[in-house]
Amino acid sequence: GAWTAGVLVANDAMPGLLPSVDAQPVQIVSTCITILLGFRTSQSYDRFWDGRNVWSDVWASCRSIARVGGAYYAGEGEGDDSDEFG
């Protein structure tokens, strides 16, 4: 924004104010950062997907337990009419 414009105007008005930088090191570092960020993003997405799969398994197990419990309690009282205590 305004800061960048001010630096550019100052550099044009007073040549040599800012040191010149060779472009090759900047390109090498930016390439390395790009590869690193791509790897980290992929790794993060894989971790998220693994967690989602585990949560899906937990949720399916909870539904199964609820279904079995519901079937057990729905069938309670049916069948023989014997006393539970004797």
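**Briefing: a two-helix predicted model**

Ring pairs join Tyr45, Phe48 and Trp49 into a cluster. The structure is a predicted model, and the protein contains two helices and zero strands. Of its 86 residues, 0% count as buried.

**Overall surface**

- The protein exposes about 8,000 Å², and carbon and sulfur atoms supply 63% of that area.
- A nonpolar patch of about 450 Å² lies on the surface, made by Val54, Trp55, Val58 and Trp59.
- Val54, one of the residues of this patch, is found in helix α2, which covers residues 23–74.

**Helix α1**

- Helix α1 runs over residues 2–13 and has 12 residues.
- From the first C-alpha of α1 to its last, the helix reaches 16 Å, close to the 16 Å expected at 1.5 Å a residue.
- Helix α1 is hardly covered, since the count of buried residues among its 12 residues is zero.

**Aromatic pairs**

- The count of aromatic pairs in the model comes to three.
- One of them joins Tyr45 and Phe48, with 6.4 Å from centre to centre and 40° between the planes; this pair is tilted.
- Tyr45 and Phe48 both lie in helix α2, three residues apart, which is about one turn of the helix.
- An α-helix has 3.6 residues a turn, so residues three or four places apart point the same way.
- Phe48 has a relative accessible area of 52% and is exposed, because the cut-off for that class is over 50%.
- The rings of Tyr72 and Tyr73 form another pair, with centres 5.2 Å apart and planes at 75°. The pair counts as edge-to-face because its angle is over 60 degrees.
- Both tyrosines of this edge-to-face pair are exposed: Tyr72 has a relative accessibility of 54%, and Tyr73 has a value of 58%.

**Cysteines**

- A search of the whole structure finds zero disulfides.
- Cys32 has a relative accessible area of 49% and is partly exposed.
- Cys62 is likewise partly exposed, with a relative accessible area of 42%.
- Neither cysteine counts as exposed, because that class requires over 50%, whereas Cys32 stands at 49% and Cys62 at 42%.

Definitions and conventions: Residues are numbered from 1 along each chain as its sequence is written. This is a predicted model: local features need pLDDT of at least 70, side-chain atom pairs count only at pLDDT 80 or more; totals for chains, interfaces and linings use all residues. Side-chain values use heavy atoms; hydrogens and water are left out. Patches are made of residues with over 30% relative accessible area and no salt bridge: like charges are joined within 9 Å, nonpolar side chains (Val, Leu, Ile, Met, Phe, Trp, Tyr) within 5 Å. Accessible areas come from the Shrake-Rupley method with a 1.4 Å probe; for residues, only the protein chains shown count as cover. A salt bridge is a side-chain nitrogen of Lys or Arg within 4 Å of a carboxyl oxygen of Asp or Glu. Helices (H or I, at least four residues) and strands (E, at least two) are DSSP runs, numbered from the N terminus. Rings of Phe, Tyr and Trp (its six-membered ring) pair if their centres lie within 6.5 Å; planes under 30 degrees apart count as stacked, over 60 as edge-to-face and the rest as tilted. Buried means under 20% relative accessible area, exposed over 50%, partly exposed in between (1.4 Å probe, protein chains only). The expected span of a helix is 1.5 Å times one less than its number of residues. A disulfide is a pair of cysteine sulfur atoms within 2.5 Å.
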